[in-house]
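Work through the exercises below with the sequence and the structure at hand. Each task is followed by a solution in steps.

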Amino acid sequence: MSTYPAWAFFLEDLLGPNRLFDFQTEEKAKHEVMRMLFILILYGFQNNFTVKNMANLNTPSFLWAAAKCIKHFSILTACEPLKKLTTEQQPVLDLLEKGITRVSVYTLDLSKIAQIGLYVLHRLLDHGEAKEIIVYYSCPTALAWIINGRGSPYVHSTQTQNTKGSSSSPAASTSACESGCRTAGEQGGEVPPCKRPKLDCASEGVHKAGETKYTIDPQALCEAFAPCDSRSAAACPRGQIECLEVTQCQPEGLEVINSALPTWFCLRSLTLHSQSTFKYTDVLSLVRALKQLSESSSSCLTELNISVLPYTELIGMLLDARPSLVSLHVEIHTMLWMPHVTAPVFAEPDTSELPLQRLTVKLTEFQTDLHFITSVLRRSPHLSSLHIAGLRLSGDVSQSQLLSVLSVSNQRLKSLNLEDMNLADCLPDILHLLRNSILEELNLNDCRLLETWTNKEESLLQLVSALTTVPTLHTLGLAQNRLAKNVYVLTELFSGSSPSSLKKLNISSNFIQPTDLLHFAKRLKKHHPPHRLTLDLRKNPGDRDPDMWMAALKKLRPFCFLMVEGWISTDTMADHISNM
């Protein structure tokens, strides 16, 4: 018997009735529940769920059980809960060390955070199984400490041979850590050897103007916590970081990462987010570092996620610097006031084939040169997933050029997500793209589909007819296209001799009123979907006739899993969004 409904109920109770979650399996739902509860109980946070169930949750046995389930741990600024993990709750830390694969760090300002936080991070990264780390905010010295010695086994091997390096060298870090292990291993007393955090030790970072190297006193860091236990007193291990995400990446932090990249051979995935646009020169430094990394056959980096870039042409430069990328996600934010920078001109444009399989390009530009995107698409015949959002073209250029390139060059696409662009004049090109398509997921959200169609019903029927010829399609998104009263046409997806095998349909934000939904429900009842359909109806004005809206939902529930939420039509902003 599946326990998924119970875990889904717990998630709804924890997140609230109007919060959506997408955990397809019982195991994923269970993990999320236990992860949330573990963090809430460990750090002493409260919500309605924990208050109701505190007697059963705030126990050593629950923390033990949760620690056995979770794979993702968060290090917050609260010091006392982390101290407990090294004393009375030490068995829980031992379990985390064995099971945690991802660590989130919410602050790493070494001038403020208690050293015990670094000790817990050290246990999970170096003694445990964690190879993925998310840093939500960090000072450059802390980021350097995280990266140092955890990027290349070859660099680490060289470092461990030198135990007399200066305090600012990478070798000194390894030497100090080993020394700390041996010293701690010889200690006795009521606290287990090598587990006694030394919180009175200070750490410091140095950044000299004009230099790209950040240094940190490794001896002070190692003395700030007892880094090892008796199992590894001879030598403190160093883990390898395979996935790094920095959500507030400042120029200094990017400088640290660029310095480490050329020898970060075990890195598979790198994600860099900034609240402001990266400077062009900083991105060029990243390009150079990626190019150096690519010169080694030992490098593993295949996924790159970076935002926000200042210019679209940087997409091609990143791919040329790291041509083995399988996944690239970029966001572009170019404004009129930004000075124009001419990209380096090469003798011959690179037209070599790329192994790229997943590409996401989100744009905030007044006008985009389509050439920079179509040139990448032509070089990527293995592309299986494409997401483009916010593409704005000059008046004499049509989005049909993009669709034509996709039809010819990217016939292996399984997921296509086009968002916030004008496809009103592209129906023939969309129909052509769908022919011989192997798409499994298609989203045309906020694409103004019906805007210029003279006969909206007939044109929508053509689209539906083409969609039914794609046997692999299981997800369709048509949100924010103002389908309104024409929504009933979509029921034709499930009629005829070859009905669509669609499992998820998103028609949110389409100004579907209660009468429209009731008409849709009656027709859908006549043409049952072959599978239980997940139907997203959010942000439609159901409150304009609540009784009729509820009657429509009642008709849909026997064969649909409904995604709905409260709607208040008197909220002018909400109404504006629905009418866009």
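The exercises go from confidence and overall layout to salt bridges, cysteines, helix packing and backbone details of this predicted model.

**Exercise 1. Confidence**

Find what pLDDT the chain averages, and where the pLDDT is below 50.

Solution.
- Step 1: The chain averages a pLDDT of 81, and 78% of the residues score at least 70.
- Step 2: Residues 155-222 have a pLDDT below 50; in the model this stretch has 129 contacts beyond near neighbours in sequence.
- Step 3: Residues 224-234 also have a pLDDT below 50, with 45 contacts beyond near neighbours in sequence.

**Exercise 2. Overall layout**

Describe the chain by its helices and strands, its buried share and the sequence separation of its contacts.

Solution.
- Step 1: The chain holds 22 helices and 17 strands.
- Step 2: Of its 580 residues, 53% count as buried.
- Step 3: Take the contacts between residues at least 6 apart in sequence; 79% of these join residues at least 24 apart.

**Exercise 3. A salt bridge within a helix**

Which residue forms a salt bridge with Glu32, and how are the two placed in the helix?

Solution.
- Step 1: The partner of Glu32 is Arg35, and the closest N and O atoms are 2.9 Å apart. With a cut-off of 4 Å, this pair qualifies as a salt bridge.
- Step 2: Both residues belong to helix α2 (residues 26-43); because they are 3 residues apart there, about one helical turn separates Glu32 and Arg35.
- Step 3: Glu32 and Arg35 are both buried.

**Exercise 4. Salt bridges between elements**

Locate the partners of Arg123 and Glu132, and classify each residue as buried, partly exposed or exposed.

Solution.
- Step 1: Arg123 pairs with Glu97, the closest N and O atoms being 2.5 Å apart.
- Step 2: Arg123 lies in helix α8 (residues 115-127) and Glu97 in helix α7 (residues 90-99); the pair is 26 residues apart and links distant parts of the chain.
- Step 3: The cut-off for buried is under 20% relative accessible area. Arg123 has 2%, so Arg123 is buried. Glu97 has 6%, so Glu97 is buried as well.
- Step 4: Glu132 forms a salt bridge with Arg102, with 3.0 Å between the closest N and O atoms. Glu132 is in strand β3 (residues 132-135) and Arg102 in strand β2 (residues 102-105), so this salt bridge ties together parts that are 30 residues apart in sequence.
- Step 5: Glu132, at 21% relative accessible area, is partly exposed. Arg102 is partly exposed too, at 35%.
- Step 6: Through shared partners, salt bridges join Asp94, Glu97 and Arg123 into one network. The count of salt bridges comes to 14.

**Exercise 5. Cysteines**

How many disulfides are there, and why is Cys300 or Cys447 not bonded to the closest cysteine?

Solution.
- Step 1: The count of disulfides is 0. The cut-off is a pair of cysteine sulfur atoms within 2.5 Å.
- Step 2: For Cys300, the closest cysteine sulfur is in Cys266 at 7.3 Å, which is too far for a bond. Cys300 is partly exposed, with a relative accessible area of 35%.
- Step 3: For Cys447, the closest cysteine sulfur is in Cys426 at 9.2 Å, again too far for a bond. Cys447 is buried, at 0% relative accessibility.

**Exercise 6. Helix packing**

Determine how helix α16 and helix α17 pack, and which residues meet.

Solution.
- Step 1: Helix α16 (residues 371-378) and helix α17 (residues 400-409) pack at an angle of about 10°, and their axes are 10 Å apart.
- Step 2: Angles under 35 degrees count as roughly parallel, so α16 is roughly parallel to α17.
- Step 3: Thr374, Leu377 and Arg378 of α16 meet Leu402, Val405, Leu406 and Ser409 of α17.

**Exercise 7. Backbone details**

Find which residues a cis peptide bond joins, and examine phi at Gln480 and Ala484.

Solution.
- Step 1: Ser307 and Val308 are joined by a cis peptide bond with omega of about 15°. Val308 lies in strand β8 (residues 303-309).
- Step 2: Gln480 is not a glycine, yet has a positive phi of about 55°. Gln480 sits in the loop between β14 (475-477) and β15 (504-506), and is buried at a relative accessible area of 19%.
- Step 3: Ala484, not a glycine either, has a positive phi of about 50°. Ala484 lies in the loop between β14 and β15 and counts as buried at 15% relative accessibility.

Note on methods:
Residues are numbered from 1 along each chain as its sequence is written. This is a predicted model: local features need pLDDT of at least 70, side-chain atom pairs count only at pLDDT 80 or more; totals for chains, interfaces and linings use all residues. Side-chain values use heavy atoms; hydrogens and water are left out. pLDDT is the predictor's confidence in each residue, from 0 to 100. Contact means heavy atoms within 4.5 Å. A salt bridge is a side-chain nitrogen of Lys or Arg within 4 Å of a carboxyl oxygen of Asp or Glu. Helices (H or I, at least four residues) and strands (E, at least two) are DSSP runs, numbered from the N terminus. Buried means under 20% relative accessible area, exposed over 50%, partly exposed in between (1.4 Å probe, protein chains only). Axes are lines fitted to C-alpha atoms, for helices over the stretch in contact, and angles run from 0 to 180 degrees between N-to-C directions. Angles under 35 degrees count as roughly parallel, over 145 as roughly antiparallel, 65 to 115 as roughly perpendicular and the rest as oblique.
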